[in-house]
Amino acid sequence: MRLLGLIARRLVWVPATLIGLVVLVFVISHLVPSDPARILAGENATTAQVAALRHKMGLDQPLPVQLLRYVIDVARGNMGVSLYTQTPVAGEIWRRLPATMELAFYAMLLAVLLGVPLGVVAALRRNSWFDHVLRVVTVSGLAIAAFWFAILLQLLFSMWLNLTPVQGRISDFGPSGVTGFYTIDAAISGNWSTELDVLRHLALPVITLAFPAMATIVRFTRAGVIGTLGSFFVDYQRAMGVPWRVTVWRYVLRSALTGTLTQIGLVFGNLLAGAVVVEAVFDWPGLGQFAVNSILQSDYNAILGFTIYVGVMFIVVNLLIDVGQVLLDPRGR
Amino acid sequence: MKLLGRIARDRVALAGLIVLAVIVLAAIFAPVLAPYPLDVNTYHTAQRLLPPSAAHWFGTDQMGGDIFSRLLFGARITLITAVIAVAVSVAIGVPIGLVGGYWPGFAGDGLMRVSDVFLAVPQIVLAMAIAATLGPQIQNVILALSLTYWPFWARLVYAETRNAKNEIYVEAAVALGVPPWRVMVLHILPAIAPSLIIRTSIGLGGTILVASALGFLGLGPPPPSPEWGRMIADARAFLPGAWWDAAAPGIAILVLVMAFNLIGDGLRDVLDPKLRGQAAAKGGAVD
Amino acid sequence: MTELVRVRDVSVDFPSPGGTAKVLDRVNLAIGEGEIVGLVGESGCGKTTLARLILGVLPKEAAVRGEALSFAGRNVLGGGAEEARVRGAFPIGFVPQEPRAALSPLFPIGAQAREILRWSLAARRLRGGEARRRIAEMFARVQLPDPHAIMRRYPHEVSGGQLQRVLIAMALLREPRLVVADEPTTALDVTIQAQILTLLRRLAREQRVAVLFTTHDLGAAWEICDRITVMYSGQDAESAAVETFFARPRHPYAGLLLGSMPQPGAGLPRSIAGAVPNLVTPPPGCRFHPRCPRALPACGTQRPPATGSTTQSVRCHNPLPERDAA
């Protein structure tokens with residue numbers, strides 16, 4: 001019941017936050033008066049042609065009216081047409097979503113699978129050489145510029161060692177399939193050479209994104225475990241004959257992870273932010289690349305659409321985290 | 001063993017401080033220190049893409065510019081951008097967070113909803129949009145970073161103020177009839193100052209990363225500015241041959257950001273004994 | 001009575017910001033088979049440290065020295081594999097001061113009891129259903145209503161008094177020969193304190209388990225103990241059978257402690273002049289001597305040896321007279 005209440009209370013704010021976001025981005029993209037109609041009409045268009053186009057796009061209306069019409073359109077699922085590609089923005093985003101999700105999913109998976117055990121071991125061997133080395137690694141992970149790390153990996157693994165492709169998501173055409181995750185689609189169709197190709201393309205962008213995420217998870221897990229190791233129940237279980245490994249990997253880890261979970265939202269946000277630049281470096285046909293292209297071309301229907309999409313994703317992820325938190329910690333139920 | 005670890009930890013923070021001091025001094029005295037101070041703006045096509053040597057410590061770039069000299073001048077851009085952007089966001093976010101946390105009713109909630117809107121997308125996306133609309137200028141980069149970073153501070157101060165408001169000394173001051181602005185400035189602000197100082201250090205590092213990403217995407221100051229992100233972007237075309245051209249600015253970013261992070265970690269240990277151990281990893285956490 | 005636990009001249013030091021704190025100084029303690037021993041003293045006298053030493057959960061930075069800490073005659077002070085072996089064969093039940101802090105808030109009570117049972121000598125190979133039955137049985141024995149329901153609950157859903165019963169049950173699940181109860185009732189309401197103490201005493205008697213019961217409450221010790229050891233500032237002062245002790249304590253500190261107990265109709269209790277010494281630079285000799293009305297010059301130089309009988313032994317150069325002299 002408390003859980004439903006929590007979800008309801010959070011959901012109430014979702015539309016308001018999203019409308020605020022649309023207004024914000026709308027204002028940003030109109031900070032400087034620009035004339036998309038002129039760009040679209042081309043250099044040889046007459047003034048009359050531009051005016052006609054402007055009228056057709058509703059650009060001759062006052063800004064507040066344009067904004068209102070946009071909000072209503074979005075509520076109906078229409079995000080308008082990209083000024084450059086002339087295709088509906090919603091469709092373009094939908095088409096690119098799996099590429100980014102696949103990247104983010106594997107990066108998150110790698111970060112958690114590496115970060116949690118490393119964090120626990122570092123906490124158990126506090127101030128050992130292992131802890132110090134790991135600290136250097138995590139501090140670097142949080143200080144490295146993602147685009148530079150990406151280039152470094154390309155230089156090393158693609159250009160010098162020739163192990164991975166420099167750019168792209170796949171060598172020829174993507175496997176047909178329902179999920180849009182090439183790794184899964186290729187596996188379903190049993191196309192193993194494609195699978196291998198997909199994995200080789202995935203490796204570098206995933207590592208780039210996973211590195212800072214892993215660093216964050218290591219740090220939070222380590223701090224959480226160290227904090228929990230000071231709990232009295234750890235001493236109690238030791239006195240009562242429960243083996244140390246059981247106390248650590250079952251009881252302490254569970255407490256520490258409950259705290260780490262709250263940071264997954266932060267990690268996910270950083271992952272999306274990282275995807276924007278990492279996709280640009282690896283020419284990855286996902287949302288990040290779409291965002292960079294749209295922004296560089298002042299394609300503001302596309303910018304707005306992307307921002308709303310990311311906003312929704314972010315809000316949903318944070319809601320899921322709150323729910324997970326409640327489920328993990330019985331005191332909140 | 002434990003004592004040794006503690007000394008080592010402080011030494012790491014000290015190392016960060018020394019590295020930062022060196023970079024700041026190098027930036028200030030760049031015109032004196034740079035072996036080829038004119039290389040920021042002039043071209044020597046005969047000397048393009050030379051590998052590191054005694055004459056050019058970090059090699060030369062595609063315009064024949066000495067990379068080391070350009071890095072020194074680039075440090076100025078990076079530091080100024082980060083310091084102003086963080087200062088402006090703190091100046092906007094802290095009062096909003098204080099007021100919001102002090103009167104958590106309607107006004108406070110409203111302010112926090114506004115900051116929620118900003119926090120609903122990664123900072124870099126909004127900053128990119130603003131920087132792209134305004135045009136590639138260093139002032140615009142600073143503006144874009146400030147406008148998108150203040151909500152983080154508002155959130156942080158809001159949460160801390162709400163906690164501090166329940167402290168007995170604050171309640172006592174309120175009960176004694178001390179006016180709200182005095183309570184905020186004289187009682188609450190000092191109480192939350194340690195965590196603000198820690199976050200400022202880490203925030204400077206984070207802002208440098210975002211700013212350099214904007215530069216990398218072409219949204220920073222225009223060429224021939226020696227902005228580090230742009231230097232890396234320009235160097236990409238000459239890989240893998242002229243690897244030093246891409247490597248040097250990236251290392252500069254790494255070292256500078258790492259210095260800020262290490263100082264932040266060190267400050268945490270010194271300023272906030274409460275946080276020691278249990279939350280030693282809250283570096284850059286949003287909430 | 002066979003001797004179960006013996007602490008002989010054991011000292012424990014802790015590093016502290018101001019220097020080394022000498023928390024225990026050549027302490028002696030004996031617990032017999034099935035005996036309930038009260039370890040009495042003010043906060044900071046080292047009784048909890050002594051309890052933790054016996055439980056084997058002193059913090060890593062503690063430095064332990066001394067003659068012997070033996071369980072059923074086998075010394076574990078050397079540490080290492082020998083300590084692990086002896087302790088493995090000598091399960092101790094632990095009933096801590098804060099029952100809520102002893103349990104993880106994230107797991108149901110039954111699961112945590114099961115964990116204790118799973119790793120105890122007595123029940124290593126029990127199946128799930130059988131283990132559950134054993135736990136429910138033990139919960140019933142500590143008079144918990146509806147044991148199965150409690151097993152499904154989380155610690156925060158159960159009252160402090162009931163949680164302490166759960167912990168007593170968990171201590172007994174190990175089938176120990178000794179239960180260490182470290183101020184088990186301090187965190188509880190006064191009305192519940194008595195119930196828990198009675199329960200502890202009854203179960204100890206039924207199962208022939210020895211109990212080391214630390215408390216600052218002489219009244220509680222009187223209620224349930226067979227014997228009392230009084231500690232002052234990390235030193236053992238006096239050890240005596242409970243009736244003997246309450247009739248006539250012989251250590252001056254014990255006498256003053258008894259005199260400071262509030263009694264109906266006796267007006268305000270007397271307090272002891274002076275303050276407890278700090279543990280970094282404790283007074284030499286008997287640590288009580290600066291506050292002691294009966295102190296002799298020797299008290300400031302030399303720790304007095306134990307004198308008297310097995311019913312009442314005292315470490316004092318100038319003890320109060322024995323019973324018949326009063």
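Helix 10 of chain A, residues 232-239, is mostly covered in this predicted model. Six of its eight residues are buried. They are A:Phe233, A:Val234, A:Asp235, A:Tyr236, A:Gln237 and A:Ala239. Just after this helix comes A:Gly241, with a positive phi of about 85 degrees.

Step back to the whole of chain A. Its secondary structure consists of 14 helices and zero strands. Every element in the run from the N terminus is therefore α, under the DSSP assignment of helices and strands. The C-alpha trace spans about 85 × 55 × 40 Å along its principal axes. Of its 333 residues, 54% count as buried. Take the contacts in chain A between residues at least 6 apart in sequence: 74% of them join residues at least 24 apart. The chain exposes about 15000 Å². Carbon and sulfur atoms supply 66% of that exposed area. Chain A also carries 23 positive and 17 negative charges, and the mean positions of the two sets are 14 Å apart.

One loop of chain A deserves a stop. A:Asn127 sits between helix 5 (89-124) and helix 6 (129-143). Its phi is near 65 degrees, a positive value in a residue other than glycine. Most residues other than glycine have a negative phi. Is A:Asn127 buried or exposed? At 15% relative accessibility, A:Asn127 counts as buried, because the cut-off is under 20%.

Now the chains together. Two pairs of chains touch, and the pair A and B has the most contacts. Chains B and C do not touch; 10 Å separates their nearest C-alpha atoms. The contact between chains C and A takes 28 residues from chain C and 23 residues from chain A. Which three residues supply the most of the area that chain C buries against chain A? They are C:Leu106, C:Phe107 and C:Trp119, which give 27% of it, more than any other three residues. The area buried between these two chains is about 2300 Å². Carbon and sulfur atoms give 64% of this buried area.

Chain C has a backbone feature of its own. C:Asp9 lies in strand 1, residues 3-16. It has a positive phi of about 50 degrees although it is not a glycine. C:Asp9 has a relative accessible area of 28%, so it is partly exposed.

Chain B offers several buried sites. Start with B:Gly93, in helix 3 (residues 67-102). B:Gly93 has a relative accessible area of 0%, so it counts as buried. What does B:Gly93 touch, not counting residues up to four places away in sequence? Its partners are B:Trp150, B:Trp153 and B:Ala154. B:Ser146 is 53 residues from B:Gly93 in sequence. In space, the two are 9.7 Å apart, C-alpha to C-alpha.

Next, B:Thr148. This residue is in helix 6 of chain B, residues 138-165. It counts as buried because its relative accessibility is 6%. Its side chain has two polar partners to note. One is the backbone oxygen of B:Ala144, reached at 2.8 Å. The other is the side chain of B:Gln123, in a polar contact at 3.3 Å. B:Gln123 also appears among the residues that B:Thr148 touches, not counting residues up to four places away in sequence. The others in that set are B:Phe118, B:Leu126, B:Ala127 and B:Ile130.

B:Thr207 comes next, in helix 8 (residues 180-216) of chain B. At 3% relative accessibility, B:Thr207 counts as buried. Its side chain reaches the backbone oxygen of B:Gly203 at 2.8 Å. An α-helix has 3.6 residues a turn, so residues three or four places apart point the same way. Beyond four places in sequence, B:Thr207 touches B:Ala82, B:Ala85, B:Val86, B:Leu145 and B:Tyr149.

The last stop is a peptide bond. Most peptide bonds are trans. The bond that joins B:Pro223 and B:Pro224 is cis, with omega about 5 degrees. Where is B:Pro224? B:Pro224 is in the loop between helix 8 and helix 9 (228-235) of chain B.

Note on methods. Residues are numbered from 1 along each chain as its sequence is written. Chains are lettered from A and ligands numbered from 1 in the order in which they are written. This is a predicted model: local features need pLDDT of at least 70, side-chain atom pairs count only at pLDDT 80 or more; totals for chains, interfaces and linings use all residues. Side-chain values use heavy atoms; hydrogens and water are left out. Helices (H or I, at least four residues) and strands (E, at least two) are DSSP runs, numbered from the N terminus. Buried means under 20% relative accessible area, exposed over 50%, partly exposed in between (1.4 Å probe, protein chains only). Contact means heavy atoms within 4.5 Å. Accessible areas come from the Shrake-Rupley method with a 1.4 Å probe; for residues, only the protein chains shown count as cover. Lys and Arg count as positive and Asp and Glu as negative; His and the chain ends are not counted. The place of a charge is taken as NZ of Lys, CZ of Arg, CG of Asp or CD of Glu. A polar contact is a pair of N or O atoms within 3.5 Å; within protein, one must be able to donate a hydrogen and the other to accept it, and residues adjacent in sequence count only if both atoms are side-chain atoms. Buried area is the accessible area (1.4 Å probe) that two parts lose on being put together, summed over both.
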